[in-house]
Amino acid sequence: MSNATIDWEAVRAEATDALSRYVRIDSSHPVGRTVETAAFLGERLAADGIGSRIYESPEPGKVNLVARLSAARPVGKPLLLSHHMDVVQAVAADWRFDPYSGEVADGYVFGRGTIDDKGMGIMELMTMLLLKRHNVELKRDVIMLATCDEEIGSPMGARWMVETHFDDLDPAFVLDEGGTGKRGFYDAGDAFEVSVSEKRMVRIRLVARAEPGHASMPWHEAATHRLVRAAHTLLEQPPEDRDTPAVAEMISRLGGDAARREIASQRASMPLLHDTVSLTMLSGGYKINIIPERAEMSFDCRLLPDTDERAFVSNVEQLIGDPGVDVEVIDWPDTAPSAAPWDGALFEALQEACETFQPKAIVTPSICVGGTDARYFRERGIPSYGLVPGIFTAEDLKGFHGLDERMSIDNLVLGTKIVHAATLRVAGAR
Ligand SMILES: [Zn+2]
């Protein structure tokens, strides 16, 4: 089937309506319920004769969905199109529209999840529907996976599916979120950043303990004071920049040193170059005139894919070097380091599709500075790529876990075209 036979105007209307309806189903945390979102996707698939299975996790209300288009005579393992159905919370009072209204206005669909990650879900859903409607002959199965719990580390979602139902998936490659197309970030022009790996998270807590005392008689070793000194040392330590292979390739594709300076100067991209440390929680004390015996601070640290987490923590201990301040690890990374190649069949198919529909854009490997479901597949050696294939501006990307999250209808259609074309390339028989 060629793209010419598809009525993209009809796809535009259908995808817009589907995303708007999908967003209206509140699947936000802390509840993170996905029964209704899975039913919604299941019904849309069933209307075109695509069967799906709901996997009920041990936690009530948290389900995953798997749908499959089968090849008559598969020549390889499946292509897995993955997205997560759960979304982060949104406080309605701060938004221009109700975050769960699915409002369509000014060429956008507004609402929590439009970028992260329900828009991607609709691109994948539309791809499944188009393949089925046009009776596309497949050389490998195409699986759609819709997960819960991604926003809280995937305990009942991708992690649980990979641990307990891997044989039902067993893909050759995975397409998931993790990278995007960007406009206005680089001198070189629009760029699709395809994530081939991601940073790994270590969460630590600094705990200072000392004798309590009266606030009228402070002393150098007070728990609060030594904790603040330790945190200051840690936060003021200049990060050590290092080009990991994917980022080195990205810098080269975006034009070299100038691109490196652009990456290093923007808050959203500078974490590509080094391990990061964010102070996120502080506590200690119970009365203003008492120096407490205990105070603590928690840090969310994101490590480059090839940073050794044990070495990182022992560096922190050495840097602080205060026996009165303990460094406790709250969470180690939950997966081993992993990276997908950028010369594999799915990467090349994505690159070709991006270049077909956005001829001026640069396509490059990158790493995701957050975490995604893809890491559970990459850890098993399955080439897994992160790309929500729209072209987003800084304004669009502010909605990512932020206010007035939106997806332009143009991006929804562009993304559908790219996911569909890349799928045809790796899974179509012709
Ligand atoms: Zn996401």
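Reader: Hi! Is Lys 182 buried or exposed?
Author: Lys 182 is buried, since its relative accessible area is 10%. Buried here means under 20% relative accessible area, exposed means over 50%, and partly exposed is in between (1.4 Å probe, protein chains only).

Reader: What kind of model is this?
Author: This is a predicted model, where local features need pLDDT of at least 70, side-chain atom pairs count only at pLDDT 80 or more, and totals for chains, interfaces and linings use all residues. Residues are numbered from 1 along each chain as its sequence is written, and side-chain values use heavy atoms, with hydrogens and water left out.

Reader: Thanks! Which residue does Lys 182 form a salt bridge with?
Author: Its partner is Glu 193, with the closest N and O atoms 3.4 Å apart. A salt bridge is a side-chain nitrogen of Lys or Arg within 4 Å of a carboxyl oxygen of Asp or Glu. The pair links distant parts of the chain: Lys 182 is in strand E7 (residues 173-182) and Glu 193 is in strand E8 (residues 191-198), 11 residues apart. Helices (H or I, at least four residues) and strands (E, at least two) are DSSP runs, numbered from the N terminus.

Reader: And why does Glu 193 count as buried?
Author: Because its relative accessibility is 7%. There is also a network of salt bridges with shared partners, made of Arg 159, Glu 198, Asp 334, Arg 375 and Arg 378.

Reader: How many salt bridges are in the whole structure?
Author: The search finds 34. One of them joins Asp 106 and Arg 96 at 3.0 Å, N to O. Asp 106 sits in the loop between strand E4 (104-105) and strand E5 (108-110), and Arg 96 in the loop between E3 and E4, 10 residues apart. Both Asp 106 and Arg 96 are exposed.

Reader: What about Glu 36?
Author: Glu 36 forms a salt bridge with Arg 33, and their closest N and O atoms are 2.9 Å apart. Glu 36 is partly exposed, with a relative accessible area of 37%, and Arg 33 counts as partly exposed at 37% relative accessibility.

Reader: Switching to the metal: which protein donors does the zinc ion have?
Author: They are His 84 (NE2), Asp 116 (OD) and Glu 177 (OE), with Glu 177 (OE) listed twice, lying 1.8 to 2.5 Å from the ion. Donors are N, O and S atoms within 2.8 Å of the metal (3.2 Å for Na, K and Ca); water is not among the atoms, so sites may look incomplete. His 84 is in strand E3 (residues 79-84) and Asp 116 in helix H3 (residues 114-133), 32 residues apart. Both His 84 and Asp 116 are buried.

Reader: Why is the arrangement irregular?
Author: Because the four donor atoms subtend angles of 55 to 149°. Four donors count as tetrahedral if all angles lie between 85 and 135 degrees; four count as square planar and six as octahedral if opposite donors are over 155 degrees apart and all others between 65 and 115; anything else is irregular.

Reader: Last one, what spacing do the donors follow along the chain?
Author: The zinc donors follow H-x31-D-x60-E. Happy modelling!
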